[in-house]
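Keep the sequence and the model side by side as you read. The tour below moves from single contacts to the whole chain.

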Amino acid sequence: NKARVLPVQGVKKGSLVFYEFEATEKPYYLTLTHLFFENAPVMTDRLVLSAPAGWTVRWAWLRRKGPDPAVSGDVRTWEMRDLATPEPEPMGPDAVDEAPMLVVNLLPPPGTSVAPVTFPDWPAVARWFEELSRGRDEVTPSIQAAWKQARPPGAQTALADGIRTAGLLVRDRVRYVDVELGIGGYQPRPASETLASLYGDCKDKGTLFRSLLLAEGLSSYPILVNLTQPDTVPETPPVPYFNHFVVGVPLPADAKLPESMGSAVAVGDDLGKLLIVDTTDSVTSIGSISSALTGKRALVVAGAHSRLITLPEGLPTMHRLER
């Protein structure tokens, strides 16, 4: 991002300062999100979308119902008026988390070639991410050596022990450093690079974790989720408003896990049961999930079986302390 600071002279109490700007963006994919919220009184909040003739524009309101667009030719306008400043509620949800959010998905006519990726459905979002991350979890000799050194002793390692060991290696040894330059905001670095540098963001750490599991012969799936904001994932249209990467480890039907891991098991329909592992969260045990993740809608990236799932709800056992 680039920013320009413009000093304004003579501003004092009672002054009114007005500004206007235009932003030009070249997106990687053709979706839009707009939050009708400023945490201040708003007279008019308006989003105007001009789409080329023949394009399909799909939209939905999240969190609460908003107005239908006013349509004039190929121009659609969503407008809300007289938005008051919300009253803070002690120990209540943040007002921004309950503000109406508009999500828009754009599709060109069949046969039209455009530079950004378009998403007709959620599996298309998964295919896009699979292509970005293809081969990034490769088990290189350095990965193999790191896992051999960390692997719990014994000819047959219990499933839970292997997952916990790989998760702790990544969680505790790899520093969280978020470097989002260009496509790096979406594409994970190769696992071998993350292991060599010992830093990375959530998708870098999660990809290294998946590589270590592969070294033990265990498969896993990337899971995309919004960690910081609730109700950001519509069933339709597909709008990938995600900002976090966790991992789902498929569990065999006869798998036996410690009771402490039961609260992090999600149901993935034909994918079976998935143990959710967040290698970025430094204060949550491997086999547990934080309250920020519980109940969130998330996208499991699993080839033809990719789908939206609901992460496990919070359970009282997640907050138990044993001494």
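This is a predicted model. Start at Glu-235, which is exposed, with a relative accessible area of 52%. Its salt-bridge partner is Arg-297, and the closest N and O atoms are 2.3 Å apart. The two come from distant parts of the chain, 62 residues apart. Arg-297 sits in strand 13 (residues 297–300), while Glu-235 belongs to the loop between strand 9 and strand 10. Arg-297 has a relative accessibility of 25%, so it counts as partly exposed.

Stay in that loop. Pro-237 is also found between strand 9 (221–225) and strand 10 (244–251). The peptide bond that leads into Pro-237 from Thr-236 is cis, with omega near 0°. Most peptide bonds are trans.

What does Trp-122 touch beyond its neighbours within four places in sequence? Its contacts include Val-233, Pro-234, Glu-235, Pro-237, Pro-238, Val-239, Pro-240 and Phe-242. Leu-299 and Leu-308 are also in contact with Trp-122. Trp-122 lies in helix 1. Its relative accessible area is 8%, so Trp-122 is buried. Measure along the sequence and Trp-122 is 118 residues from Pro-240; in space their C-alpha atoms are 8.5 Å apart.

Now look at the rings. The whole structure holds 10 aromatic pairs. One of them joins Tyr-29 and Tyr-186. Their ring centres are 5.7 Å apart and their planes meet at 70°, so this pair is edge-to-face. Tyr-29 lies in the segment before strand 1, and Tyr-186 lies in the loop between strand 7 (175–176) and helix 4 (191–197), so the pair ties together parts that are 157 residues apart in sequence. Is each of the two buried or partly exposed? Tyr-29 has a relative accessible area of 13%, so it is buried. Tyr-186, at 28%, counts as partly exposed.

Trp-122 returns here with Phe-242 as its ring partner. This aromatic pair is tilted, at 5.9 Å centre to centre and 45° between the planes. Helix 1 (residues 122–133) supplies Trp-122 and the loop between strand 9 and strand 10 supplies Phe-242, so the pair ties together parts that are 120 residues apart in sequence. Trp-122 and Phe-242 are both buried.

Ring pairs also build a cluster. Its members are Tyr-28, Tyr-29, Phe-119, Trp-128 and Tyr-186. A charge meets a ring elsewhere: Arg-189 lies over the face of Tyr-199, at 4.7 Å from the ring centre.

Go back to charged pairs. Side chains of opposite charge can pair when their charged atoms come close. How many salt bridges does a search of the whole structure find? The count is 13. One of them joins Arg-307 and Asp-269, with the closest N and O atoms 3.7 Å apart. Arg-307 lies in strand 14 (residues 307–310) and Asp-269 in the loop between strand 11 and strand 12, so this pair ties together parts that are 38 residues apart in sequence. Arg-307 has a relative accessibility of 23%, so it counts as partly exposed. Asp-269 is exposed, at 54%.

A further salt bridge joins the side chains of Arg-171 and Asp-172, at 2.7 Å from N to O. Arg-171 counts as buried because its relative accessibility is 16%, under the 20% limit. Arg-46, Glu-79 and Arg-81 are linked in a network of salt bridges.

Two aspartates have backbone angles to check. Most residues other than glycine have a negative phi. Asp-269 has a positive phi, near 55°. Asp-82 also has a positive phi, of about 55°. Asp-82 is found in strand 5 (residues 75–83). Its relative accessibility is 66%, so Asp-82 counts as exposed.

On the surface, Val-8, Val-11 and Val-17 make a nonpolar patch of about 260 Å². Val-8 lies in the segment before strand 1 (31–35). At 52% relative accessibility, Val-8 counts as exposed.

Finally, step back to the whole chain. It has 5 helices and 14 strands. Its C-alpha atoms fill a box of roughly 70 × 55 × 40 Å along the principal axes. Of its 323 residues, 42% are buried. The chain exposes about 18,800 Å², and carbon and sulfur atoms supply 53% of that area. Among contacts between residues at least 6 apart in sequence, 72% join residues at least 24 apart.

Methods:
Residues are numbered from 1 along each chain as its sequence is written. This is a predicted model: local features need pLDDT of at least 70, side-chain atom pairs count only at pLDDT 80 or more; totals for chains, interfaces and linings use all residues. Side-chain values use heavy atoms; hydrogens and water are left out. Patches are made of residues with over 30% relative accessible area and no salt bridge: like charges are joined within 9 Å, nonpolar side chains (Val, Leu, Ile, Met, Phe, Trp, Tyr) within 5 Å. Accessible areas come from the Shrake-Rupley method with a 1.4 Å probe; for residues, only the protein chains shown count as cover. A salt bridge is a side-chain nitrogen of Lys or Arg within 4 Å of a carboxyl oxygen of Asp or Glu. Helices (H or I, at least four residues) and strands (E, at least two) are DSSP runs, numbered from the N terminus. Buried means under 20% relative accessible area, exposed over 50%, partly exposed in between (1.4 Å probe, protein chains only). Rings of Phe, Tyr and Trp (its six-membered ring) pair if their centres lie within 6.5 Å; planes under 30 degrees apart count as stacked, over 60 as edge-to-face and the rest as tilted. A charge sits over a ring if NZ of Lys or CZ of Arg is within 6 Å of the ring centre and within 35 degrees of the ring normal. Contact means heavy atoms within 4.5 Å.
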